[in-house]
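Dear colleague,

Please find the structure below, handed over for your records. My findings follow it.

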Amino acid sequence: MPLKYLITGATGGLGSEVLKHIAANVPASEFAAASSSESKRKEFEDRGIPFRVASFDDPKTLEESFTGVENLFFVSTNTFNVERRTRQHQNVINAAKKAGVKHVWYTSLAFGGLRSDSKVNVQQAHLVTEQLLRENYLYIHPRRDLCRRFPPVPDWYPDTETIRIPSDGPMALTSRKELGEANAKLMIRGGYENQLVLLTAGEAITLSELVNVINETTGRHVKVEKISPEEYVRSKSANDPGKKSAWFFQTRLSWFEGITRGDASTTDPLMADLLGREPTTAREAVCAFLKENPNYTWHQNYAKQG
């Protein structure tokens, strides 16, 4: 059956928000949710949402789920392993091409802004995916969602007194909820073939400024200390409450290097245009989190929780 929109990653943070706004604005016969797990089917069908299984590690499920789809919302996989992510993304692109998908809306990251020259390691698989889309698709839309995991970047926990970082720099951070709304409105609007677009709030904020927001909102006195890259990896891996590995913090150094170079500082007015209002800033979002719960704990700070 022809389908105007298929939302992959529909159980995840971004995909679920996109699905919410698609469901509120598009007839139920025109869209479906996709997830890698058959066990999720009842959850969606009980809500009246058609469901398709789409495992990025299983090309057969991808071809079947993409059949008859006009617009594929392609959420990048949640892994820091560049080789695995590239392989999974190649599976998606191959299947979309075989199934005749007309328009792929890919959720890349935004290190480097609208450029494609960032050296940040987590951006590399996205750059490869964008190139694969260019080579395989007549109509493509690799889209740059700015790094939306802003709470874990400073690695703050409710009992943290000092945040130690190897460097600092501005980041145009964006709330996931509004990012989902903007993505849905972007697909519904259509167009933008063969373009990179950037969805961001209107201002950038540094890690030090983010810590000031934590202090101002909660009455804490968290300090920021600059340390060497070597000391950052050693001290964080030895004392991390979230039990993340030394490899994780070694990888994170690349993020800090890119942020210091300004790779995450680019803003763009498109998101405000799509929302019909100014997007929530990182300052406002973190303030709201902490006013509701001063001891809010971000799950991505923990190795076993995402």
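**Annotated domain and nonpolar cores**

UniProt, in an unreviewed entry, lists residues 6-110 as "domain: NmrA-like"; its positions are given here in the numbering of this model, feature names are shortened, and annotations may be inferred rather than shown by experiment. The model is predicted, so local features need pLDDT of at least 70 and side-chain atom pairs count only at pLDDT 80 or more, while totals for chains, interfaces and linings use all residues. Residues are numbered from 1 along each chain as its sequence is written, and side-chain values use heavy atoms, with hydrogens and water left out.

The span 6-110 is 42% helix and 22% strand, and its end C-alpha atoms lie 23 Å apart. Helices (H or I, at least four residues) and strands (E, at least two) are DSSP runs, numbered from the N terminus.

Ile22 belongs to helix 1 (residues 13-25). Ile22 counts as buried because its relative accessibility is 0%, buried meaning under 20% relative accessible area with a 1.4 Å probe, protein chains only. Beyond residues up to four places away in sequence, Ile22 touches Ile7, Phe31, Ala184, Met187 and Ile188 (contact: heavy atoms within 4.5 Å). Its C-alpha atom is separated by 7.9 Å from that of Lys185, 163 residues apart along the chain.

The largest nonpolar core (buried Ala, Val, Leu, Ile, Met, Phe, Trp, Tyr and Cys residues joined through side-chain atoms within 4.5 Å) has 30 residues, and Phe111, Trp156 and Tyr232 have the most contacts inside it. Helix 9 supplies the largest share of this core, six residues. A second, separate core has 28 residues, among them Ile49, Phe73, Leu179 and Leu199.

With kind regards

How values were computed:
Buried means under 20% relative accessible area, exposed over 50%, partly exposed in between (1.4 Å probe, protein chains only).
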